[in-house]
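Biologist: Please choose one part of this model and take me through it closely, following its links to the rest of the chain. I would like the cut-off behind each term as you come to it.

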Amino acid sequence: QVQLMESGGGLVQPGGSLRLSCAASGNIFRFDAVGWYRQAPGKERELVATITRDKRTNYANSVKGRFTVSRDNAKNTVYLQMNSMKPEDTAVYYCNAAGIGTYWGQGTQVTVSS
């Protein structure tokens, strides 16, 4: 069983930046892909960004050029650097690890507002 713990959420003004971290209790290298999803009020959970074991990345069109996903296998940690943030980025952000099984973190709230 793997546990994922997100941190780094909070309130940020439009145009600002935040960095989310996801610390895994086990070795994330064994997962095919790790990454981030988000869910806004009244909406379905959606993919934000993922990164594979060999560091290939995939982004939602809405965040391309603004968000960057990365992983540090030695620290078993996944990051999401979010720049030029917009009010529509407001959501609960969830860390995800997929491979033999799928695991989710508990989520961290991100609010973009002036």
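Modeller: I would start at S21, which stands opposite Y79 in β8 and also has a partner in the other direction, since S7 stands opposite S21 in β3. This is a predicted model, in which local features require pLDDT of at least 70 and side-chain atom pairs count only at pLDDT 80 or more, while totals for chains, interfaces and linings use all residues. Residues are numbered from 1 along each chain as its sequence is written, and side-chain values rest on heavy atoms, with hydrogens and water left out.

The strand to look at is therefore β3, of whose seven residues five are buried, so that it is largely enclosed by the rest of the structure. Strands here are DSSP runs of E, at least two residues long and numbered from the N terminus, and buried means under 20% relative accessible area, exposed over 50% and partly exposed in between, with a 1.4 Å probe and protein chains only. Within its sheet, β3 belongs to an open arrangement of four strands in the order β1-β3-β8-β7, with antiparallel pairing. At the edges stand β1 (4–7) and β7 (67–72), each of which pairs on one side only, and neighbouring strands of the sheet are turned against each other by 15° on average, direction ignored. That angle is taken between axes, lines fitted to C-alpha atoms, on a scale from 0 to 180 degrees between N-to-C directions.

On one side, β3 is joined to β8 by six bridges, the two strands running antiparallel; strands count as paired if DSSP finds at least two bridges between them. The pairing of β1 with β3 is likewise antiparallel, over four bridges, and L4 has A24 of β3 as its bridge partner. Edge strand β1 itself shows a covered face formed by L4 and E6, and an uncovered one formed by M5 and S7.

From β3 a covalent link leads elsewhere in the chain. The structure holds one disulfide, a term for a pair of cysteine sulfur atoms within 2.5 Å, and it is formed by C22 and C95, whose sulfur atoms are 2.0 Å apart. The link of C22 and C95 is left-handed, with -85° about the S-S bond. It connects distant parts of the chain, for C22 lies in strand β3 (residues 18–24) and C95 in strand β9 (residues 91–99), 73 residues apart. Both C22 and C95 are buried.

The surroundings can be followed through the largest nonpolar core, among whose 31 residues W36, L80, M82 and Y93 touch the most other members. Such a core is a set of buried Ala, Val, Leu, Ile, Met, Phe, Trp, Tyr and Cys residues joined through side-chain atoms within 4.5 Å. Two or more residues come to this core from each of β3, β4, β5 (46–52), β7, β8 (77–82), β9 and β11 (108–112).

Following the disulfide to its other end, β9 pairs with β10 in the antiparallel sense over four bridges. A97 stands opposite Y103 in β10, and a hairpin of one residue joins β9 to β10.

These two strands also carry aromatic contacts, the structure holding three aromatic pairs. Rings of Phe, Tyr and Trp (its six-membered ring) pair if their centres lie within 6.5 Å, and planes under 30 degrees apart count as stacked, over 60 as edge-to-face and the rest as tilted. Y37 and W104 make an edge-to-face pair, 5.1 Å centre to centre with 70° between the planes; since Y37 lies in strand β4 (residues 33–39) and W104 in strand β10 (residues 101–104), the pair ties together parts that are 67 residues apart in sequence. W104 counts as partly exposed because its relative accessibility is 36%. Y94 and W104 form another edge-to-face pair, 6.5 Å centre to centre with 90° between the planes, and because Y94 lies in strand β9 and W104 in strand β10, this pair ties together parts ten residues apart in sequence. Ring pairs thus link Y37, Y94 and W104 into a cluster.

Y94 is buried, with a relative accessible area of 14%, and R45 lies over its face, 3.7 Å from the ring centre. For a charge to sit over a ring, NZ of Lys or CZ of Arg must be within 6 Å of the ring centre and within 35 degrees of the ring normal.
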